[in-house]
Amino acid sequence: MKVSIIGAGYVGLVTGACLAELGNEVLCVDRNVSKIEILNSGSVPIYEPGLEELIQKNSGKKRLSFTVSIEEGVRFADVIFICVGTPPRDDGSADLTAIEEVSDIIAECMDSYKLVVEKSTVPVETGEWVKKTIEKFKRNSAEFDIASNPEFLREGSAIEDFMNPDRIVIGVESLKAETILRELYRPLDAKIVVTNTKGAEIIKHSANSFLAMKISFINALSNICEKTGADINEVAEGIGLDKRINPYFLKAGIGFGGSCFPKDVKAFIHICEKLGYPFNLLKEVEKINEYQKENAFIKLREMLWNIPGKIIAVWGLAFKPNTDDIRSSPSIDIIKKLLKEGAKIKVFDPAAMEKAKEELGDSVIYCNDTYTSATGSDCIVLMTEWNEFKEIDWNRIKKIVRQPVVLDGRNIYDPVKLKNMGFEYRGMGRR
Ligand code: NAD
Ligand code: UGA
């Protein structure tokens, strides 16, 4: 099939590369000229394991190409995936101006049947707006269908998630659209859930909100554990082994971040309120998540007495491991608060340093590795559980720090081992 992807970001690039790998001819479009130049030169503008190789392989086989022209993208394909950003507005609602912009151009340029698929995460009823917009502005009698095909991939394991999904959700209004999408995804041999477009839009917001709720639930519990002397990792195992609960998304820590959970929970709360049903449970999910960052700060003050002038080594800037994405990263929020309180911050992240420089400028010291960042520090704070932070030579650390103090924001270290080595250790709900 001929497929166009509009918006070559984390989702668009992975979708494009994977659909090309499945044998389709794919054209990825982005209005960001420098992004397309990087892609056309054989590099990749984001860090996502395996993506560069997949893009190079499929570009080499002439199944994957890149352009800045949406017009070209519209004319090229039978199926057009909209993968542009839907960032939060100040009131929490999703900013859908990029979706409208793309719908307008599709309407103006379409010259034959098109299946227009929303893959961006959007509030329920966006599909209707896309349909109305294309109907209003199209210049000829070419027919089209709208579908919603939300994406469930996670950054850091995006290709694996796309190629081996738990399910594929397609929200359609016609048999033709359903048949095209079933055919497109046939090689993946995955369970396909078919709904109308509104059902698929609600599924995406619900899935992210539910997962965020699980994280806030375990984070709230971690605070109860800490107050009573129980250990959250043991409690999580004890509840997670119940198949109805399952062990996933029960890791306590400094809170969820990223470009999706925070914005999608907000957008879901907003649309529910607009529809006349305030989803107050989700407001609590947000509050608990905000508290976890504050909680990390409170612990630091308890361990360091005063924050001004203290040197804090921060391990991890990305919102999760295996990505360079720092959007809504708890690490960045906590760093900003510490800087405001007068701390000196030394940071290291295996992939997110360049992106962090755009956000933090010269307010922090950028180090080349964990040991350099720890040298002379009053405290080490583990913010992101990269594998390379799991294998640490603590004897070496003990010799180079100013104070042997560790705040383990993701509960990856052994508290007993560190205490026995003379470190003052705090986790998030550990015994
Ligand atoms: P992103 O910011 O990485 O990419 C979006 C791209 O769209 C950018 O490159 C931007 O230049 C381009 N763009 C914006 N307006 C455009 C226009 N008018 N014409 C052409 N290109 C345009 O965002 P992302 O992380 O890929 O997310 C995209 C959507 O997918 C969002 O709705 C997000 O919620 C959803 N989503 C993201 C993930 C994820 O892991 N990042 C997973 C599932 C769903
Ligand atoms: C999330 C969803 O998992 C994807 O299914 C979805 O497609 C995507 O959002 C999206 O819509 O963009 P992602 O944000 O890439 O994926 O990463 P996750 O692995 O879900 O982690 C999100 C945040 O939750 C991270 O900050 C992570 O540290 C935190 N988290 C996750 C926890 O604090 N505890 C956990 O047990 C799991």
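**Exercise 1. The surroundings of ligand 2**

Which oxygen atom lies 2.8 Å from a polar side-chain atom of asparagine 208? Describe the contacts and the shell of this ligand.

*Solution.* The model is predicted, so local features need pLDDT of at least 70 and side-chain atom pairs count only at pLDDT 80 or more, whereas totals for chains, interfaces and linings use all residues. Residues are numbered from 1 along each chain as its sequence is written, chains are lettered from A and ligands numbered from 1 in the order in which they are written, and side-chain values use heavy atoms, with hydrogens and water left out.

Step 1. The partner of the asparagine 208 side chain is an oxygen atom of ligand 2, at 2.8 Å. This is a polar contact, a pair of N or O atoms within 3.5 Å.

Step 2. Backbone atoms also take part. A backbone N or O atom of lysine 251 lies 2.9 Å from an oxygen atom of ligand 2, and one of glutamate 151 lies 3.3 Å from an oxygen atom of ligand 2.

Step 3. Ligand 2 taken alone exposes 700 Å², of which the protein buries 90%. Accessible areas come from the Shrake-Rupley method with a 1.4 Å probe.

Step 4. Two elements, α9 (197–228) and α11 (261–274), give two or more residues to the shell around ligand 2. The largest contribution is that of α9, with 3 residues. Such helices are DSSP runs (H or I, at least four residues), numbered from the N terminus.

Step 5. Of the 19 residues around ligand 2, the nearest are Phe152, Leu153, Glu155, Lys204 and Cys260. A residue counts as near if one of its heavy atoms lies within 4 Å. By class, this shell holds 9 nonpolar, 2 polar and 8 charged residues; Asp, Glu, Lys and Arg count as charged, Ala, Val, Leu, Ile, Met, Phe, Trp, Tyr, Cys and Pro as nonpolar, and the others, Gly among them, as polar.

**Exercise 2. The surroundings of ligand 1**

Which residues come nearest to ligand 1? Continue with its contacts and its shell.

*Solution.* Step 1. Of the 28 residues around ligand 1, Asp30, Lys35, Thr86, Glu155 and Lys263 come nearest.

Step 2. A polar side-chain atom of lysine 35 lies 2.6 Å from an oxygen atom of ligand 1. Polar backbone atoms contribute as well: that of valine 11 is 2.9 Å from an oxygen atom of ligand 1, and that of threonine 121 is 2.9 Å from an oxygen atom of ligand 1.

Step 3. Ligand 1 taken alone exposes 830 Å², and the protein buries 90% of that.

Step 4. The elements giving two or more residues to the shell around ligand 1 are α1 and α5 (97–109). The most comes from α5, with 3 residues.

Step 5. The shell around ligand 1 divides into 11 nonpolar, 8 polar and 9 charged residues.

**Exercise 3. Helix pairs**

How are α1 and α3 oriented to each other? Treat α9 with α10 in turn.

*Solution.* Step 1. The axes of helix α1 (residues 10–21) and helix α3 (residues 51–60) come within 9 Å and cross at roughly 50°. Axes are lines fitted to C-alpha atoms, for helices over the stretch in contact, and angles run from 0 to 180 degrees between N-to-C directions.

Step 2. The pair α1 and α3 is therefore oblique. Angles under 35 degrees count as roughly parallel, over 145 as roughly antiparallel, 65 to 115 as roughly perpendicular and the rest as oblique.

Step 3. The axes of α9 and helix α10 (residues 232–240) come within 9 Å and cross at roughly 130°, which makes α9 oblique to α10.

Notes: A polar contact is a pair of N or O atoms within 3.5 Å; within protein, one must be able to donate a hydrogen and the other to accept it, and residues adjacent in sequence count only if both atoms are side-chain atoms.
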